[in-house]
Amino acid sequence: MTNVASKEKKQKRKKSIGKSEYNNLAGYAFISPWLIGFIIFTVFPMLLALYFSFTKYDVLSDPKWIGLENYKNMFTSDDRFRTALGVTFKYVFTAIPLRLAFALFIAMLFVQNRKLVPLYRTVYYLPSIIGGSVAVAVMWRQLFGANGALNGVLSSLGLLKTQISWIGNPNTALWTLILLAVWQFGSPMLIFLAGLKQIPISYYESASIDGANGFHQFTKITLPMLSPIIFFNLVMQIISGFMAFTESYIITQGGPFDKTLFYALYLFQQGFQFYNMGYACALAWVLLAIMGIFTALVFKSSNYWVYSESKEG
Amino acid sequence: MKSIKQKRILGTILYHGFIWIFGFFMIYPILWLIASSFKDEAEIFQKSYSLIPSSLHFENYIQGWKGFGDITFATFFKNSFVIVILSTIGQVASSALVAYGFARVKFAGQKLLFACMIVTMLLPSQVLMIPQYILFSKLGWINSFKPLVVPSYFGYPFFIFLIMQFMDGIPRELDEAARIDGCNQWGIFARIMLPLIVPALITSSIFSFYWKWQDFFGPLLYIKKPNLYPVSLALKLFSDPAAVTDWGAMFAMSTLSLVPVFLIFIFFQKYIVEGISTTGLKA
Amino acid sequence: MRKKLLAFLLVTALLLTFTLVGCSNNSDSSQNNDSSNDKSTNGTSDSSKGTSDQKVTLRITWWGSQTRHDQTLEVLKSFQEKYPNVTFEPEYTAWDGYWEKIATEAAAGSLPDIWQQDYQYIKQYADKGLLLDMKPYSDSGKLDLSNVDENSIVGGMINNKLVGINLGNNSLCMVYDPEIFKQAGVSEPTPELTWEDYINMVKTLHEKTGIYGDENIPGNYFHGFAHYIRQHGEQYDIYSEDGTKLGYDNDKWYEEFFSMELDLVKAGAIPLPEVRNEIKSVEESLIVSKKSAMLGATNSNQIIAIQKAANRPLKMALLPKAKDQAREGQYVKPSMFFSITQYTKYPDQAIDFVNYFINDMDANKIMMAERGVPISSQIRETLKPSLPDAQKQMFDYMDIVLENSSPIGPPQPAGHAEIDKLLKSLEEQICYQQITPAAAAVKFREEANKILSQNAQ
C-alpha cells in the first residue's frame, strides 16, 4: 500500500467512527459512583473552601468578605509563604527523584523469582507501613537526635567531633525528612513491581534470542512497557511531595526556624493554629494552581514518552 | 564453563549480600521500635540505639492492651478492622468500575471530567476538613463510621488513576475479540479486564488498607465516643507532653498495630506475582 | 453537550453550597436563642428542682494521657451516683489534635457542653461569645467558690465574665538535682536567687561536672521572657491589656534577656535549640538522663511526672528574681479550666458537675491533684496529708509561690499562636548567631505589632 492510500483509509475509518463510537450511557454508568460522590462530597467543600479564601474567617465566628486581600498579602508581605514554597520545592525536587529511582531499582531486583525474594519484598516494604504514627517521630529522633544511634555509631568510629542533632540543626533538618521520605519508597516500589510483572516474559525471551543484551532489553522493552506506570508514579509522587505534611508535623513541626516548613504544614498552622482559615484556604488554592501547572506539564509531555498498548498506532 | 558458573555464584552472592546489608538499614528503625516495646521505660531513651532489650518486659503489652477507662485495645482493633475492611472493599471496587469507564469507554465530556478528577487530588485535605465536617454534621453522620466509610464507595481518584494506567497496558484487541463474541461493556469489564488487572487491584487494596488503618485526623474529627475509636486514634492517647507518658505501652501497641498491615501485605503480595500467569494469554 | 454538562454541575454544586452555608448560620442563631431562654431561668429555685428530675446527657471533653483519662472517668461515675439523672458522653483525646477538634466543632456549632480549656485559647473563645458566663451561678451560690481565693478565680474572668473555672493552680518552677549540686560544690538556689546568681550557678555547674547546667533558660523563650518583663513593673507584660500591641516599650529588655541566653549557649551551660527541640516529653528531659543538672522551667504540676521518670529525688525552686525588681515576675496560673459552652441545653447540670469537680472530697481523692493544686482551701487542707511525696512537694512549692508572686497578666490574645512561633524562630536564629539580639528585638516588635494590630478592628 502506498502512503497516500493508507492515509485515506485511516481518514475513512475516522469518519465512520465519528459519533457512533460514543457510548454515553455505558460511560456515565461506569463513572457514576465517582460522579455522584464528586458532586456530594467534594464539589461542595471545594467551593466552600474557595469562598472562604476570599474572606477573613477565624473559624469561631462567621466569615467576612474581603475580596482578594488574602491573595494580595500572600504575595507581597508574607515571608513565611516564600519560605514554605522554597522548602517544599527543595523537598520535591530531591526526595521525589531519589525515591523513584530507588523504587525502580529495587523493584527490578525483586522481579526475579529468586529464593527469598518474597521475604525481601516484605522487608523493603515494611518502612512504608510505619507511616505517620507517633512512634515514627520518636524513632526518627532516637536515630538522628543529638544522643541518637547515628551519633553513637559515628563517635565510636571516631568520626564525630561535636555532638550535633541532625534533626534539629538548621543545616541538616530538612535532609533527615528527605531521608525519611526516601526510606519509605515501598509504595512506588510496589507499583513498579506490579507493572513489571505485567510485561510478558515472552518479550524478553524473543529479545534474548535476537541477541539483545541486558541494557538493550531495559531501554527497549522495560522502560517503554513500564512508561504508563512511571508516568503514574511521577504524577502521584509530585502531588504527594507538594502536599507533604505528616513528616514535618510530627517530627520537626516546621523547625528550626521554618527550615522544614512544608507548605501544607504552613497552611495547617494558619488555619488551625492561628485561626486564619480564610488565608489558609487562599494558600490551598495557590498550591492547587502550582500543582496543576506541574501536573499539566507532565501530562502534556506524556504524549512523547508514554507508550500505551491500547493506543492505536 | 567453570567461569560462567563462578560468575553466577558471584552474582548471587552480590545480589543477596547487597540486599541484606541495605535491607538492614531499611529495617533497623522498625527493629528499634519492636525492641523498645519490650524495654523498660528508662532504657528506651537511655540506651536508645541498642536493639536488644536487657530483659523482656511483656508487661508493656499487658498494660498497653488495657487501654483507657474500661475500653481495651480489643475494641480499638475491632473498630479499626470494621472501618478499614469496609472502606477498602468500597474503594477498590468502585475505583475499578470508574477506571474502566474513563479508560475504555468513549463518552461526551470525558476529558473534562477526568481533569476534574485529577484536580480533586490537588486540594490539600486540611482545607477541606471544616467544610466536609459541616456537611457531615448536616447529614447527622457525626460520631459514626459513616463519614469515614461511605465516601469510599464513590471511587478514590488515586486508585482510579492507578487502575487506568494498568488498563492502558491491556491491548484493545482483547476487547474487540470479546465484543465480537457478543459481550457488552459490562461483560468486557467483568470477564476480560478484571482478571487481567489483578496486580493493580491487589496493590490498590494494600494501599487502601494501610492508609485507612493509620488515618488519624478523620477519626479525630468524626468519632466522638472513645469506644468507637480506631487504633490510630487510641495510640495517641498514651502520650501527653505535660504528664506521664507510658512509652513502653505505646510502643507495644504501636508494634501490635503494625501486625495486621504486615499480614495483609504478606498474604497478598503473591497475587501481585501471580499476575504474570494471566498475561500469557497473548500466545 | 460539554457546556451543558459543565453548567449543570456548577449549578448543582453552587445550590448545594449556598443551601448548606445558609443552613449552618441559621442553626447557630437558633441555638443561641435556646440558651438565652435557658438563661432567664437560671439561679432560681425552680430550675434547681428541674435539675434533679430531668434526664440529662452531658457531652464532656478533655485532653490528657492514660492516668487522667482513667481518673476523670471515675469521677464521672462518682458524680452519677449522686446525680443519677445525668448521663455523660465523654470524649477524650490527647493534647495533640485537641484544639483542631474543638475548632472544627465550633465551626459547625456543635461544641460539647463541658470542655477542658487552656489559658492560651480562653480569650479567643470568650470573645466570640461561645462560653457561658458562670458568674450568676457563683453569685447565687450554686457554684460554690466560697473556699476559693480571688487569685484563683481571676484567671477565668474575661471581659468581666467568669468563663472558665480553674481546675488546679500551678506556677513555673525550676527543677534541679540536689545530688549533682552537691557534687559540684554549688549551693542550692534559694527564693532570693537573682539572674546574676543564676548565670553563675549554671556556668559553674557546667564547668565542674561537664554536663549542662540547665536544659533551657528558665521559662524558655516565651514565659521566661514574660517573667523578665513583668519584673520591671506592674504595667508591663508581653502583651498589652487589650491585646492590640506589645506590653513593653523598651527593646533593651529583649536584648538583655536573649543575650543572657546566647551567653549561656556559647559557654556550653545550656544546649543549642536543636538539642532542646528534640525533647517532646517529660521522659526525654536531659535531667532524667543526667545530662543536665536542672530542667529549665516547667509547670509545677509536672513535678509528678518528672519525679517518676527520673526515679531519684529532685527539688523545685522559684525562677530568678531581678535585683531591684519593681514587682515579682512569678505568678500563680490556672493549669487548665473547665468551660461551659454558651449554647448548652443543660447549663444547670453542667454547673452542678463543675461544682462537684472542684468541691467534692471524693472526687478530689480520685484525682490526687493531677491537674494542679486544687483551688478550694478546704480540699487542699484535707487532701494534703494523704498525698504521695511528689504531690506534697507541689503543694509546698505553691505555698512559697503565693508569698513571692504578683497577679497573673492578661490572657493571651488572638494572634498569640503566631507570635509564639515568631518569638521561637527569632530565639533560634539568635542562638545560631544568624541575628543579633538587638536586631531581633526590633524585628520582633515590628512583626508582633503587625499581628496584634488586627485585634484592634
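Q: What does the secondary structure of chain A come to?
A: In this predicted model, chain A has 14 helices and two strands.

Q: And how many of its residues count as buried, as a percentage?
A: Of the 313 residues in chain A, 48% are classed as buried.

Q: What share of the chain A contacts between residues at least 6 apart in sequence joins residues at least 24 apart?
A: That share is 68%.

Q: Turning to helix α13 of chain A, why is it described as largely enclosed?
A: Helix α13 of chain A spans residues 263-273, and 10 of its 11 residues are buried, so the rest of the structure largely encloses it.

Q: Which residues are those?
A: The buried residues of α13(A) are A:Tyr263, A:Ala264, A:Leu265, A:Tyr266, A:Leu267, A:Phe268, A:Gln269, A:Gln270, A:Gly271 and A:Phe272.

Q: What covers them?
A: The cover includes α4 (79-110), α11 (214-242), α12 (246-252) and α14 (277-305) of chain A. It also includes α6 (125-139) of chain B and α4 (98-107) of chain C.

Q: Which residue with a positive phi follows α13(A)?
A: That residue is A:Tyr275, with a phi near 60 degrees.

Q: Now the contact between chains A and B: how many residues does each chain contribute?
A: Chain B contributes 80 residues and chain A contributes 78 residues.

Q: Which element gives the largest share of the chain B side?
A: Helix α14 of chain B (residues 247-274) supplies the largest share of the side touching chain A, with 12 residues.

Q: How does that side divide by class?
A: The side of chain B that touches chain A comprises 55 nonpolar, 19 polar and six charged residues.

Note on methods: Residues numbered from 1 in each chain as written. Chains lettered and ligands numbered in written order. Predicted model: local features only at pLDDT ≥ 70, side-chain atom pairs only at ≥ 80, totals over all residues. Contact = placed C-beta atoms within 7 Å. Helix = DSSP H or I, 4+ residues; strand = E, 2+ residues; numbered from the N terminus. Nonpolar A, V, L, I, M, F, W, Y, C, P; charged D, E, K, R; others polar. Buried ≥ 20, exposed ≤ 12 C-beta atoms within 10 Å, placed from the backbone.
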